[in-house]
Amino acid sequence: MLKVENLHASVGDKEILKGINLEVKAGEVHAIMGPNGSGKSTFASVLAGNEKFTVTEGKVEYLGEDLLNLSIEERSRKGLFLGFQYPVEIPGVTMANFMKIAVNEHRKYRGEEPLTAAQYLKLMREKSAIVELDSKLTSRAVNEGFSGGEKKKNEIFQMAMLEPKLAILDETDSGLDIDALRIVATGVTRLKTKENATVVITHYQRLLDYIVPDYVHVLYKGRIIYSGDKSLALKLEKEGYDWLINDYKEE
Amino acid sequence: MHHSKFIEALGAMPLTSATVDGGRWVIGLEGDKSVTIKQNSHVELLVHCSAHRQMLRLNVERDAELRIVHVVTMAECKSNIDITLAERAHVSMTQVVLSSAEAKVVANLVEPHARFELGGAFILKGEERGVVSADVKHMSADCSSRTTYKGVASDNARGKFTGLVYVAQDAQRTDSEQLSRNVTIGQARIETLPQLEIYADDVKCSHGATVGQMDEQAILYMRQRGLSFADAKRLQIEGFVKDIVLHAAIEECADKLSDLLQEKL
Amino acid sequence: MENETKNIINELEQSDYKYGFVTDIETEIIPKGLSEDIIRLISAKKGEPEWMLERRLKAYRHWLTLKHPNWAHLDIPEIDFQDVIYYAAPKPKKQLSSMDEVDPELKRTFDKLGIPLEEQMALAGVAVDAVMDSVSVKTTFRDTLAEKGIIFCSISEAIKEHPELIKKYLGSVVPYTDNFYAALNAAVFSDGSFCYIPKGVRCPMELSTYFRINAEGTGQFERTLIVADEGSYVSYLEGCTAPRRDENQLHAAVVEIVVEKDADVKYSTVQNWYPGDKDGKGGIYNFVTKRGLCKEGAHLSWTQVETGSAITWKYPSCVLLGDNASGEFYSVAMTNNYQQADTGTKMIHIGRNTRSRIVSKGISAGRSQNAYRGLVKVARDADNARNYSQCDSLLIGDRCGAHTFPVVDCSNPSAVLEHEATTSKISEEQLFYCNQRGLSTEDAVGLIVNGYAREVLQQLPMEFAVEAQKLLAISLEGSVG
């Protein structure tokens, strides 16, 4: 589904991604871990097409297409979803209206008719239940005045609405208490199918107790320096990154 | 005059040269004057008026820090202070107007990362007329400015504040705030014109203006505890303008400024 | 001299008549320029009574003593007032035989606005019987209004049919001495609307929504007078969301509203006149004086969505004369390309316990200049006056300007007045977020702008709020990319 080869990206003169290789197949869950500043969020942003970053080298294939040639919204409509670490506030624009436009843009792209108001409301009710999102939130402005937990639930709610093929969740667990974490993680798990794939970017092992990864990768200084199965996350939790980083330095 | 004593106490010397590179100075304003604050220096200036019309031009060079306290107590005077700030220059100014006067401050931020802060207050009573203005011109990117001006007019006094924040095209990432807060008492009149003129898009600019009255509840409360109406009123006004004086650009001036306010009230 | 002039006019008039001067095409040859003769001619053409002519002449003589104002933050090219045709009876439109002949760009805009085909045809000047049929609908409408004693007609009609009301109220809120354009309008106004709501009557419908098509072509010097008698209520809507391709460059309208004791008037405007092309060529100059006079306990609310005109100069105001009167002003002003707008409001607090609220949302894009100018004035006896003003500016692109020029003038110690203003831009993060959810950049900007303007759009009558939203998005076209 996703094939990243030797991806280099920079912001201004500063190179942040220095040759990332990663392959994600349908049905898989990948976790990307790594210390602060290793380039995890940048990697997610580049995949989503954030124009702040310039890709200087390498290629990314998504569903057999050159991902890097697509605009941000084309990537979205082709089923790539990014759950933001810091969801942005859009004053005055209600969540319900925002998602309605998004859902219908996705449908239009697939050649489907737009949802009627009634169909849309029904869908919204179903999906907001998945993440136990207070239905009142959908009539409020996008992310405005949402608590940290509400913002993250709201991201997963949107993911449920858009049913992506590839979901990249950037630090979805940060700032969540244990209940919110459970709700968000359960939501993600419920949305899992054989056809879609998930890339979870996280600092902590605790999220991976709920979302069990098939692969765990460690990103450091813009490269994936180590990959393993879910046991790697546990080892990292216990021993930290030092042993890996030290290894890496020796290389 | 109490002024001179105050200045002596602060150890300020009269400024005679046209360039300075440090120290605390006092300028009695008469006619036209220009002073250059040298690169990397830290200078403090106490400005008071000694003539009815004055113009002071301050040229603040790169990385210099200038602190100004300007007190207007002379009636019917017109003062004009025009400040130009070069790269990373920092000017912090306190202005207190206690008489029928016109006081104008213009700050030109012409190079990146210059910072300008102005805290001002006017207190007018009787038949006094005070007109103050503060124009902050962001001519370069990445500069910041803060203006807070408080006005109190009682009896038949009239006060007017005009503030302008101008952001030139390409003065991106300007960060500017302007606040005008006023209280009228009795038959007094206050006019405030806080203006924004913005030609760049990546800016953070806000302004606010309020005209209000004294808190009658608080006055009642104080009187219930035995204060006279006049004292209660005075305490309120003092409380209202206090922060301007407390945060005087030259810390040691705070007490003296506060005395001047007391006297006026 | 006087006699001679009269003779000339008489002669002119007669010859007009003789040669069928009343047909649309003939009106075209009324000479350019402004003089007492021209004013007499206008008045005569409209069959006005003598007292009306006298009023016009008085205004004209006053206008001659005035200079063109230049205090606004506008760059107005010099206007040659002798180069204007003042008798602007509805311009004869080229009748098109089918929708296929309509300018495709105009058609595209109609479609985007979701205007029904029938109305599209009428607006574009396509001859169509279906729309003419709506006249009958209009008539039933008038009957309903008449039952309640509501008068709603053109101002020309009112001058003839209701002279006592016109004499009493016309010019009572905006006298001809008010300003340059008010004087000009008082001298040469072509037509406009008159509306009278009797005591205690609640007007059962949004006035003028139904007359959207008819309101078209009321000319360049429009005059509107609304009188809401004691305890009455009316919601009035001016304008049209469809683009108006008017050849007249100069528009100077006057709107007067008299809100008697305990009456309530809501006045909404959607202005979408031709703003000129992408390079700033052409476009309407829109210099408007709008003011309402509020008596005791009266309430007046102005809502405006301004997206059109090359230059806009407009300050709908409230004079809060009576005790407990209140005024509101809600505005969205959007400028793009080379448009200029200097708009805002005046809230004049004279009575006790008067309240006002100002919410202004400016949006500048392209190379446009957008200024809010406002005055909140509290007179000496306006005890307990309250005002809250909020003026926000949104900048799209780095070649436009957003300016805020409020004046707060307070002469009463019990008044509490607050003004707040912010300036912001659409952030890259917001756009990225919307794009990531599948929205195109254009849609995202439209959405964000509508969100920003929401507080004002909510004030509009339902059906217009929807159109106004679309209009904002359309006006922004080409501003991002």
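Me: In what order do the six strands of the open sheet in chain A stand?
Reply: Welcome to this predicted model. In chain A, six strands form an open sheet with mixed pairing. Neighbouring strands of this sheet are turned by 20° against each other on average, direction ignored. Reading across the sheet, the order is E6-E9-E10-E3-E11-E12.

Me: Which strands stand at the edges of that sheet?
Reply: An edge strand has a single partner strand, so one side of it is left without a neighbour in the sheet. That holds here for two strands of chain A, residues 80-83 and residues 223-228. Their names are E6 and E12.

Me: Which residue in E12(A) stands opposite Val218(A)?
Reply: Strand E11 of chain A covers residues 215-220. Five bridges join E11(A) to E12(A), and the two run antiparallel. Opposite Val218(A), in E12(A), stands Tyr226(A).

Me: Which helix of chain A lies across E6 and E9?
Reply: Strand E9 of chain A spans residues 166-170. The helix that lies across E9 and E6 is made of residues 148-162 and runs at about 170° to E6(A). This helix is H5 of chain A.

Me: How are H4(A) and H5(A) placed to each other?
Reply: Helix H4 of chain A, residues 117-130, packs with H5(A), their axes 9 Å apart. H4(A) brings Leu123(A), Lys127(A), Ser128(A) and Ile130(A) to the contact, while H5(A) brings Phe157(A), Ala160(A) and Met161(A). The crossing is right-handed. With an angle of about 135°, the two helices are therefore oblique.

Me: In what order do the four strands of the other open sheet in chain A stand?
Reply: Pairing in this sheet is antiparallel. Strand E2 (14-24) and strand E5 (65-66) each have a single partner strand, so they stand at the edges. The order is E2-E1-E4-E5.

Me: Which residue in E4(A) stands opposite Ala9(A)?
Reply: Strand E1 of chain A, residues 2-11, pairs in the antiparallel sense with strand E4, residues 54-62. Seven bridges make up this pairing. Opposite Ala9(A), in E4(A), is Val55(A).

Me: Which helix packs on this sheet of chain A?
Reply: The helix touches E1, E2 and E4 of chain A. Its direction makes about 70° with that of E2(A). It consists of residues 40-48 and is named H1.

Me: Which strand gives the most to the largest nonpolar core?
Reply: The largest nonpolar core has 272 residues, and those with the most contacts inside it include Val60(B), Leu85(B) and Val91(B). The strand that gives the most supplies eight residues and spans residues 42-60 of chain B. That strand is E4 of chain B.

Me: Which phenylalanine is in contact with Val91(B), leaving aside neighbours within four places in sequence?
Reply: Val91(B) is in contact with Val60(B), Leu66(B), Ile68(B), Ile83(B), Leu85(B) and Ala107(B), among others. The phenylalanine in contact with Val91(B) is Phe116(B).

Me: What is the handedness of the crossing where H4(C) passes H10(C)?
Reply: Helix H4 (residues 50-64) and helix H10 (residues 180-188) of chain C have axes that come within 7 Å and cross at roughly 145°. Among the residues making the contact are Tyr60(C) and Trp63(C) of H4(C), and Leu184(C) of H10(C). The crossing is left-handed.

Me: How many of the eight residues of E7(C) are buried?
Reply: Strand E7 of chain C, residues 264-271, is joined by seven bridges to strand E4 (residues 233-239). Eight bridges join E7(C) to strand E9 (residues 299-306), and both pairings are parallel. E7(C) is largely enclosed by the rest of the structure, because its buried residues number seven.

Me: Which strand gives the most to the side of chain C that touches chain B?
Reply: Here 27 residues of chain C are in contact with 28 residues of chain B. Strands E16, E17 and E18 of chain C each supply at least two residues of that side. With 10 residues, the strand that gives the most is E17(C).

Me: Which helix supplies the largest share of the side of chain A that touches chain C?
Reply: Between these chains, 21 residues of chain A are in contact with 17 residues of chain C. Helix H2, strand E7 and helix H3 of chain A each supply at least two residues of the chain A side. The largest share, five residues, comes from H3(A).

Conventions. Residues numbered from 1 in each chain as written. Chains lettered and ligands numbered in written order. Predicted model: local features only at pLDDT ≥ 70, side-chain atom pairs only at ≥ 80, totals over all residues. Pairing = 2+ DSSP bridges. Contact = placed C-beta atoms within 7 Å. Axes fitted to C-alpha atoms, helices over the stretch in contact; angles between N-to-C directions. Core = buried A, V, L, I, M, F, W, Y, C linked by C-beta atoms within 7 Å. Buried ≥ 20, exposed ≤ 12 C-beta atoms within 10 Å, placed from the backbone. Parallel < 35°, antiparallel > 145°, perpendicular 65-115°, else oblique. Left-handed = near helix turned anticlockwise from the far one by under 90°.
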